[in-house]
Amino acid sequence: MSLKKQLGQRIQDLRKSKKLTQEKFSELVGIDPKNVSKIENGINYPSAETLTSIAKALDVDVYELFVFTDGIPYEQMRQEIVKSLEHDKTVLYLYRMLKGI
């Protein structure tokens with residue numbers, strides 16, 4: 001899947017998780033509903049300004065729009081990572097992986 005399509009899908013998933021219609025979302029972002037549809041369908045890339053507005057409307061940081069986790073919510077992913085760091089073996093493994101980079 002192309003980056004344009006992944007980004008569009010991510011925005012759509014986040015919008016739906018906030019129970020926002022495309023029309024309401026477009027009002028919050030300040031763009032035409034047709035543009036929302038084109039972004040979500042991977043036809044158009046949003047501008048940097050529009051990305052910022054999208055993130056604000058979805059109450060996320062801009063980088064979170066590019067966290068493609070196959071349906072795993074960002075907060076759940078973060079919590080799982082933090083929990084895994086409670087185990088010494090995990091910390092040692094991650095340290096070795098990072099040193100190898």
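Where is I43 found? In this predicted model, I43 is found in the loop between α3 and α4. Leaving out residues up to four places away in sequence, I43 touches K4 and K38. The C-alpha atoms of I43 and L14 are separated by 18 Å, with their positions 29 residues apart along the chain.

## Overall architecture

The protein has six helices and zero strands, and reading along the sequence gives the pattern α-α-α-α-α-α. Its radius of gyration is 17 Å, whereas a compact globule of 101 residues would have a value near 13 Å. Along the principal axes, the C-alpha atoms fill a box of roughly 50 × 25 × 20 Å.

Of the 101 residues in the protein, 28% are buried. The accessible surface comes to about 7,300 Å², and carbon and sulfur atoms account for 55% of this area. When contacts between residues at least 6 apart in sequence are considered, 55% of them join residues at least 24 apart.

## The nonpolar core

In soluble globular proteins, nonpolar side chains tend to be buried together. In this model, the largest nonpolar core has 16 residues, and those with the most contacts inside it are I11, F25, V29, I54, L58 and L65. Helices α1 (3–17), α2 (22–29), α3 (33–40) and α4 (48–58) each supply at least two residues of this core. The largest share, five residues, comes from α4.

I11 illustrates how these elements meet. Leaving aside neighbours within four places in sequence, I11 is in contact with F25, I39, E40, I54, L58 and L65.

V36 lies in helix α3. This residue counts as buried because its relative accessibility is 2%, below the 20% cut-off. Apart from neighbours within four places in sequence, V36 is in contact with Q22, F25, S26 and I31. F25 is thus listed among the contacts of I11 and among those of V36. The C-alpha atoms of V36 and D61, 25 residues apart along the chain, are separated by 19 Å.

## A buried salt bridge

Side chains of opposite charge can pair when their charged atoms come close. How many salt bridges does a search of the whole structure find? The search finds one. It is formed by the side chains of R15 and E40, with an N to O distance of 2.6 Å. The pair links distant parts of the chain, since R15 is in helix α1 and E40 is in helix α3, 25 residues apart. Both R15 and E40 are buried. E40 is also one of the residues in contact with I11.

## Exposed loop positions

Most residues other than glycine have a negative phi, and most peptide bonds are trans. K19 and D59 each have a positive phi, as the table shows.

| Residue | Loop | Phi | Relative accessible area |
|---|---|---|---|
| K19 | between α1 and α2 | near 55° | 75% |
| D59 | between α4 and α5 (74–84) | near 60° | 65% |

K19 counts as exposed because its relative accessible area of 75% is over the 50% cut-off. D59, with a relative accessible area of 65%, is likewise exposed.

G30 lies in the loop between α2 and α3. Is G30 buried or exposed? G30 is exposed, with a relative accessible area of 60%. Although G30 and S53 are 23 residues apart along the chain, their C-alpha atoms are separated by 7.7 Å.

## A nonpolar patch on the surface

Which residues form a nonpolar patch on the surface? The patch is formed by I81, L85, V91, Y93, L94 and M97, which together have about 540 Å² of accessible area. Helix α6 (residues 88–100) provides the largest share of the patch, four residues.

Y93, one of the patch residues, has its place in helix α6. Y93 is classed as exposed because its relative accessible area is 51%, and the cut-off for that class is over 50%.

Notes. Residues numbered from 1 in each chain as written. Predicted model: local features only at pLDDT ≥ 70, side-chain atom pairs only at ≥ 80, totals over all residues. Heavy atoms only, no water. Patch = residues over 30% accessible without salt bridge, like charges linked within 9 Å, V, L, I, M, F, W, Y side chains within 5 Å. Areas by Shrake-Rupley, 256 points an atom, 1.4 Å probe, with all protein chains shown as cover. Salt bridge = Lys/Arg side-chain N within 4 Å of Asp/Glu carboxyl O. Buried < 20%, exposed > 50% of the residue type's maximum accessible area, 1.4 Å probe, protein only. Rg over C-alpha atoms; globule rule 2.2 N^0.38 Å. Contact = heavy atoms within 4.5 Å. Core = buried A, V, L, I, M, F, W, Y, C linked by side-chain atoms within 4.5 Å.
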